[in-house]
Amino acid sequence: MDFLGQFWNNVALGFSVAGTPFNLLLCFVGVFLGTLIGVLPGIGPMTGVALLIPLTFGLQPSAAIILMAGIYYGAMYGGSTTSILVNTPGESSSVVTCLDGYQMAKKGRAGPALAAAAIGSFVAGTFATLMLMLFGPWVAGIALNFGPPEFFSLMVAGLTVVTSLAGRSLVKALFATLFGLAIATMGIDNQSAVPRFTFGNPELLDGLEFLVVAIGLFALCEVFVNLADMKEAVQERLSIKGSLWLTKEDWKRFVPSCIRGTLSGFFVGGIAGAGAAVASFVSYGLEKKAGKYRDELGKGAIEGVTGPESANNAAAGGALIHLLCLGIPGSGTTAIMLGALLMIGLQPGPLLFTQQPAFVWGLIASMYIGNIMLLVLNLPLVGMWVKLLDIPLYLLTLFIIMFSFLGVYTMNNSAQDLLLMVVFGVIGYLMKRLDIPAAPVILGIVLGKLMEEKMRQSLVISDGSVMIFLNRPISLFLLFLAVVAITNPYWKQIGRAIRRLFREAPAR
Amino acid sequence: MKENREERIASVVLIVFSAAYLVGAYYIPMPIFKQQLGPGAFPIAIGIGMLTLACIYAWQQFRGGTKEKETEEEIEKRATIIGAEEKIEKKADLKTMGFMLVMMVFYAFAFERLGYAISTFVVFMAGVLYLDRRHLVRDAVIAVIFSFVLYYIFSVFLRVNLPAGPLKFLEF
């Protein structure tokens with residue numbers, strides 16, 4: 001009875017926070033901008049959230065996160081529109097939607113495809129939020145028992161899981177992560193007041209500004225990518241012919257794939273913490289194995305749209321659980337959100353749940369509201385979004401440059417930051433060319449200082465013994481997870497080697 | 001994975017960078033009061049890690065690419081997962097990129113000296129003139145809106161401090 005009573009109290013608190021006119025407006029602005037970003041090819045949610053962070057300055061923390069969460073969700077919804085109509089994924093979690101979505105559009109069934117994506121996303125998002133409401137406090141409760149070693153191992157695990165999934169080459173992804181950690185070491189060391197890597201530059205005493213790196217690495221990098229073949233860019237766009245609604249036959253196929261997508265997405269994003277894009281791939285794989293109409297996949301089967309789109313929204317909700325309850329971002333976008341929250345002065349994590357219930361529950365309530373707003377925005381108004389795709393790429397690119405400079409300058413009124421941002425834009429482009437992923441860099445930057453602090457605290461507790469990380473069960477388990485994640489690409493090899501060993505042994 | 005001249009050069013650059021970082025980390029001084037683990041420990045660990053990875057990368061590149069541990073399909077499946085979108089294989093239009101890079105550096109330097117409005121307008125128009133001149137009038141109007149009108153909105157309504165440059169006399 002106590003749990004239920006508490007639960008309803010929290011829900012009421014949440015809606016009272018989210019229901020204020022200002023916060024409702026922010027929620028709407030967030031999902032609107034998020035959908036915009038998702039629809040526009042060339043800006044992904046990571047870039048979008050980074051670009052829009054300056055909007056959150058001067059806002060209360062709860063208002064800021066309502067805005068950012070709205071953008072995050074909105075981008076998930078919007079990304080499917082370009083996938084279906086232009087065969088260009090709006091962001092990495094919509095790549096799979098291109099496969100069947102575009103095929104459906106070519107057959108004149110763009111309307112049902114968009115509807116399936118929107119409704120599936122809504123169901124999944126609501127489910128994930130519900131899970132957050134029911135289990136969030138419990139997870140946060142467990143995490144309250146974490147000491148510095150557990151936190152350190154948790155961060156190592158989080159970093160390695162993301163790293164192992166980022167990009168084609170583990171070596172490059174690991175290097176990117178370490179590069180991020182290296183950037184985080186710039187500035188005055190918190191625990192000893194010794195300046196590190198500041199090159200005598202007073203502006204660097206606080207380290208590199210997070211936003212400078214984030215916007216440079218994502219937004220300006222996109223600018224260079226676009227510029228690289230701007231003169232030849234041609235985009236073919238399909239229009240929405242026919243009705244927007246799903247037939248009865250569609251509904252019958254929609255429901256099971258939506259359920260499968262939601263559950264698998266939540267598992268991948270919420271429990272494994274692997275992120276929305278992975279979730280969409282897993283869902284597509286699941287549809288291939290379990291769907292009744294699996295033979296139609298790839299030629300325009302509605303399951304190929306519903307499954308992945310539900311999965312990526314469920315995973316986004318799950319990633320927010322990680323962010324709020326554990327303070328560990330489960331994806332590139334949540335890493336940027338974490339960076340933004342740290343900039344405002346909040347420390348997401350289990351303490352946040354207990355000490356700032358208004359913040360957390362207000363966010364949860366506004367996620368519900370946001371989901372509903374998104375459904376409305378995306379179904380009837382989809383024609384409006386499609387018009388946006390007509391903005392010429394060169395104008396879009398110039399806008400991005402402008403917003404980047406504006407946003408970064410308003411942080412510290414520093415022209416040096418602008419220059420650094422351009423430098424990181426170049427670095428970002430070079431990284432893209434070399435196939436070195438950028439998301440681990442951001443993760444490294446965001447987690448770096450905290451990770452080092454926890455490590456040093458742990459070693460103080462243990463008087464210098466490294467065994468403290470292995471002696472405590474939770475920490476040991478998390479480090480084991482990290483090892484599993486890192487060796488993941490090599491399992492097949494290891495398995496083969498072990499089998500070879502066993503085959504040869506008896507012949508003695 | 002194929003070998004690639006770009007990647008070979010890159011791997012050497014990464015080795016040099018890692019080594020430089022490691023050297024820098026080594027020279028980080030201990031603080032006045034003794035500590036368990038000084039400020040240099042974490043950076044040194046990172047530096048060693050980066051150097052090792054850079055060397056592995058270079059080794060992969062110089063002996064002619066890695067063996068096929070996974071099928072291409074599996075690699076592609078994992079690849080598009082976090083931020084690693086299409087690999088950029090096509091030749092890049094260096095002239096355009098170079099021009100815009102110069103404009104951006106100019107923008108960074110001019111932002112404070114010429115003020116937000118003027119520098120934004122200049123950069124925007126330069127971009128339009130270079131990239132696509134077909135709709136000059138429309139684009140010039142857009143440029144004016146985004147530089148001068150936006151400046152007005154930000155400084156008066158949002159009270160955000162943007163540099164005025166030589167237009168200081170117009171300050172509100």
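Hi everyone, let me start at one residue. If we skip its neighbours within four places in sequence, Ile215(A) is in contact with Ala50(A), Leu51(A), Leu220(A), Ser404(A), Gly407(A), Val408(A) and Met421(A). Please keep in mind that this is a predicted model.

Two of those contacts, Ala50(A) and Leu51(A), take us to a helix pair. Helix H3 of chain A, residues 45–52, packs against helix H9 of chain A, residues 210–228, at about 130°, and their axes are 9 Å apart. That angle makes H3(A) oblique to H9(A), and the crossing is left-handed. What does each side bring to the meeting? From H3(A) we have Met46(A), Thr47(A), Ala50(A) and Leu51(A), and they meet Leu211(A), Ala214(A), Ile215(A), Phe218(A), Ala219(A) and Glu222(A) of H9(A).

Now let's zoom out to the core. The largest nonpolar core has 205 residues, and the ones with the most contacts inside it are Ala50(A), Phe175(A) and Ile215(A). Chain B takes part as well: its domain 1, 5–79, and its domain 2, 94–170, both give residues to this core, so the core lies between them.

A few words on chain B itself, then. Chain B has 6 helices and 0 strands, so to speak an α-α-α-α-α-α run from the N terminus on. Of its 172 residues, 32% count as buried. Among contacts in chain B between residues at least 6 apart in sequence, 62% join residues at least 24 apart.

Next, a helix pair across the two chains. Helix H18 of chain A, residues 415–433, and helix H4 of chain B, residues 94–113, pack at about 165° with their axes 8 Å apart. This makes H18(A) roughly antiparallel to H4(B). Here the crossing is right-handed. On the chain A side, Ala415(A), Leu418(A), Leu419(A), Val422(A) and Val426(A) of H18(A) meet a set of H4(B) residues: Leu101(B), Met104(B), Val105(B), Ala108(B), Phe111(B) and Glu112(B).

One last stop, Ser458(A), which sits in helix H19 of chain A, residues 439–461. Is Ser458(A) buried or exposed? Ser458(A) counts as buried because it has 23 C-beta neighbours inside 10 Å, and the cut-off for that is 20 or more. Leaving out neighbours within four places in sequence, its contacts are Pro148(A), Pro149(A), Phe152(A), Ile468(A) and Phe469(A). As for that last partner, Ser458(A) and Phe469(A) are 11 residues apart along the chain, with 8.0 Å between their C-alpha atoms.

That's my tour, thanks for listening!

Terms used: Residues numbered from 1 in each chain as written. Chains lettered and ligands numbered in written order. Predicted model: local features only at pLDDT ≥ 70, side-chain atom pairs only at ≥ 80, totals over all residues. Helix = DSSP H or I, 4+ residues; strand = E, 2+ residues; numbered from the N terminus. Buried ≥ 20, exposed ≤ 12 C-beta atoms within 10 Å, placed from the backbone. Contact = placed C-beta atoms within 7 Å. Core = buried A, V, L, I, M, F, W, Y, C linked by C-beta atoms within 7 Å. Domains from an automatic or database assignment. Axes fitted to C-alpha atoms, helices over the stretch in contact; angles between N-to-C directions. Parallel < 35°, antiparallel > 145°, perpendicular 65-115°, else oblique. Left-handed = near helix turned anticlockwise from the far one by under 90°.
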